[in-house]
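Okay, thanks for coming, everyone. I'd like to walk you through a protein that's probably new to most of you, so have a look at it first and then we'll talk.

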Amino acid sequence: SNAHGLRFPGLALAWSVRGAPSVPAEMRDFFEGILALNRQRNRTIIETLVLVLEIWDAQGIESVLLKGAASINSDLYPDPAIRILGDIDILVQSDRAQEAARLLVKNGFEEIAADHGSEEHHHLPPLRHPGSGICIEIHKQVLAEKYASFLPSEAVWQRAQKCAVGGYATHHLAPAERYIHAMIH
């Protein structure tokens with residue numbers, strides 16, 4: 001469990017045993033149901049991400065997908081339903097983070113009261129899409145200040161790999177940075 005809700009740790013297991021005749025049918029059905037629910041949630045998250053990218057694209061705000069949003073958009077998993085996402089973590093240039101947030105609020109996203117520290121925190125308070133309920137965390141830095149030297153944002157931007165989601169340009173962390181980010185986070 002975490003701040004985003006309960007987590008079901010068996011999704012990889014569920015995916016691995018689907019269709020296995022040695023697993024009781026009731027258990028296979030349960031696992032398939034959990035995978036189907038998470039697959040639909042991830043589709044909703046991606047739809048919300050596409051909306052965010054569309055809003056930012058109109059203003060030339062570039063982004064780098066972090067954590068789960070990057071994982072399910074990069075074929076890291078054989079089925080995106082395996083990866084549970086709580087929210088959308090996305091890096092923008094630090095000097096455009098406030099503008100990115102204002103654009104989302106202007107387009108209906110709601111500010112969430114969250115105690116995440118000072119103004120110097122590595123991401124802004126979460127914003128929630130009213131229709132989907134999906135939250136987005138706009139990162140000014142990849143990692144919290146005490147770990148920032150492991151992944152300096154300037155270097156991350158230089159090595160970020162271009163990709164697209166729903167026809168809108170964004171980036172992924174380079175493979176080495178993705179590994180470092182996962183290990184530190």
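Let me start with a question: which residues form a nonpolar patch on the surface? The answer is Tyr147, Phe150, Tyr179, Ile180 and Met183, and together they have about 540 Å² of accessible area. Before I go on, please keep in mind that this is a predicted model.

Let's stay with one member of that patch, Met183. You'll find Met183 in helix 6, which covers residues 175-184. So is Met183 buried or exposed? Exposed, because its relative accessible area is 56%, and the cut-off for calling a residue exposed is over 50%.

Now let's zoom out. How many helices and strands are we looking at? The protein has 6 helices and 7 strands. If you trace them along the sequence, the pattern goes α-α-β-α-β-α-β-β-β-α-β-β-α.

What about the overall dimensions? The C-alpha trace spans about 55 × 35 × 35 Å along its principal axes. The radius of gyration is 17 Å, and that agrees with a compact globule, because a globule of 185 residues would come out near 16 Å. As for the inside, 43% of the 185 residues count as buried. And here's one for the contact fans: take the contacts with a separation of 6 or more, and 60% of them are between residues 24 or more positions apart. On the outside, the protein exposes about 10,100 Å², with carbon and sulfur atoms supplying 54% of that.

Next, a closer look at two strands. Strand 6 is residues 161-165 and strand 7 is residues 168-172, and the two pair in the antiparallel sense over 5 bridges. If you want one pair to click on, Lys162 has His171 in strand 7 as its bridge partner. Strands 6 and 7 make a hairpin, with 2 residues between them. Check out Gly166 in that turn: it has a positive phi of about 60°.

Last stop, the other end of the chain. Where does Asp29 lie? Asp29 is in helix 2, which runs over residues 25-57. Asp29 counts as exposed, because its relative accessibility is 56%. And how far is Asp29 from Ala14? They're 15 residues apart along the chain, and their C-alpha atoms are separated by 9.6 Å.

That's my tour, so over to you for questions.

How values were computed:
Residues numbered from 1 in each chain as written. Predicted model: local features only at pLDDT ≥ 70, side-chain atom pairs only at ≥ 80, totals over all residues. Heavy atoms only, no water. Patch = residues over 30% accessible without salt bridge, like charges linked within 9 Å, V, L, I, M, F, W, Y side chains within 5 Å. Areas by Shrake-Rupley, 256 points an atom, 1.4 Å probe, with all protein chains shown as cover. Salt bridge = Lys/Arg side-chain N within 4 Å of Asp/Glu carboxyl O. Helix = DSSP H or I, 4+ residues; strand = E, 2+ residues; numbered from the N terminus. Buried < 20%, exposed > 50% of the residue type's maximum accessible area, 1.4 Å probe, protein only. Rg over C-alpha atoms; globule rule 2.2 N^0.38 Å. Contact = heavy atoms within 4.5 Å. Pairing = 2+ DSSP bridges.
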